[in-house]
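Please open the structure in a viewer and keep the selection tool at hand. The tour proceeds from one selection to the next.

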Amino acid sequence: MRRIDPIQWLKYALCLLASFVVLFPPYVVFVNSFKQRHELADPFALPNSFLYLDNFKIVFERANIATSFTNIVIIIAITLVFNILFGTMVAYALGRFDFRGKSVILGSFLFAVIIPTITTQVVVFSIIKSLGLFNTLFAPILLYVGADIIQILIYLQFIRNIPYELDESAMIDGASLVRIYRSIIFPLLGPATATLVILKTINIYNDLYIPYLYMPKKQLAVVSTTIMRFASNNQAEWTLICATILLIMLPTVVLYLFLQRYIFSGVMSGAIKG
């Protein structure tokens, strides 16, 4: 008779518990998206019909989802261009050259990561206001590009593993530093760029705080702030909120399912080589 291993059973139990914790919230959102208001008496039960699509129709009409998706796509696209451009350039300078003050710059980047964002919001808000960027798409773009240095750290980790002999060979052939960056370094940072694009896209797409604070204008709503249109201080339309969350959640789920191998390979590659 095969002996029962309690440790193995404990592992299965913990896996089931973890799966339940992860999957239960999406389940609640999904089932309540197809319910009518009177069905919310039991929020965990299945809806009377999964063909009830009026919630999604109301969301598209009242929340103007098309405009929200357009705004967030513009923000993500412009932010990624500058993130990739600045990240690769700064990482190239810090990873390839030795100069006075280099350690201070690296230390400043690391120090900036550990500063709680909430402690600097008053100053940041004042700067955005003084620049005339409040209630414009450029406010979150500037903050996502300048206030987040994750792209520099990712590129710096990768660029240190590119053999310096490639640079020396190019210099012997007469290539300038700009040519080396454009023709050698930048193409070899492809895995890091793929990792950055995925992580930054998901982070910006799901962010609620910055768009809600710096773009309160209704026409500048993004997918995350559209949820606020169905909630007030006194009540919340939970069926519409769940329908909105489901619509917002679907693109990120699809993106993650198709590109998750790039996330893991990019992160692990940088970690192992470093």
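**Helix α7 and its partners**

Begin by selecting helix α7 (residues 150–159) and helix α10 (residues 190–206), which pack at an angle of about 155° with their axes 9 Å apart. Helices here are DSSP runs (H or I, at least four residues), numbered from the N terminus; axes are lines fitted to C-alpha atoms over the stretch in contact, and angles run from 0 to 180 degrees between N-to-C directions. The angle therefore makes α7 roughly antiparallel to α10, a term for angles over 145 degrees. The crossing of α7 and α10 is right-handed, that is, the near helix is turned clockwise from the far one by less than a right angle.

Next, display the side chains at this contact (heavy atoms within 4.5 Å). From α7 come Ile-150, Gln-151, Ile-154, Tyr-155 and Phe-158, and from α10 come Pro-191, Ala-192, Thr-193, Leu-196, Leu-199 and Lys-200. These residues of α7 and α10 comprise eight nonpolar, two polar and one charged. In this scheme Ala, Val, Leu, Ile, Met, Phe, Trp, Tyr, Cys and Pro count as nonpolar, Asp, Glu, Lys and Arg as charged, and the others, Gly among them, as polar.

The model is predicted: local features need pLDDT of at least 70, side-chain atom pairs count only at pLDDT 80 or more, and totals for chains, interfaces and linings use all residues. Residues are numbered from 1 along each chain as its sequence is written, and side-chain values use heavy atoms, with hydrogens and water left out.

**Helix α3**

Keep α7 selected and add helix α3 (residues 65–96); the two pack at an angle of about 45°, with axes 8 Å apart. This makes α3 oblique to α7, the word for angles that are not under 35, over 145 or from 65 to 115 degrees. Their crossing is right-handed. Among the α3 residues that meet α7 are Asn-83, Gly-87, Val-90 and Arg-96, and the α7 side includes Gln-151, Tyr-155 and Ile-159.

Now replace α7 with helix α9 (residues 177–188), which packs against α3 at an angle of about 110°, with axes 12 Å apart. That makes α3 roughly perpendicular to α9, as angles of 65 to 115 degrees are called. The contact includes Met-89 and Tyr-92 of α3, and Tyr-181 and Phe-186 of α9. By class, it has nine nonpolar, one polar and one charged residues.

**A loop residue**

Move to Asn-135, in the loop between α5 (121–130) and α6 (138–146). Its phi is near 65°, a positive value in a residue other than glycine. Most residues other than glycine have a negative phi.

**Where α1 meets a pocket**

Finally, select α1 (6–33) and α12 (238–273), each of which supplies at least two residues of the lining of the second largest pocket. Which residues line the second largest pocket? They are Val-22, Leu-23, Pro-26, Phe-30, Leu-246, Met-249, Leu-250 and Val-253. A pocket is an open set of points on a 1 Å grid over the protein atoms alone, where a 1.4 Å probe fits, with protein on both sides within 12 Å along at least five of seven lines; lining residues have an atom within 4 Å of a point. The lining has eight nonpolar, no polar and no charged residues.
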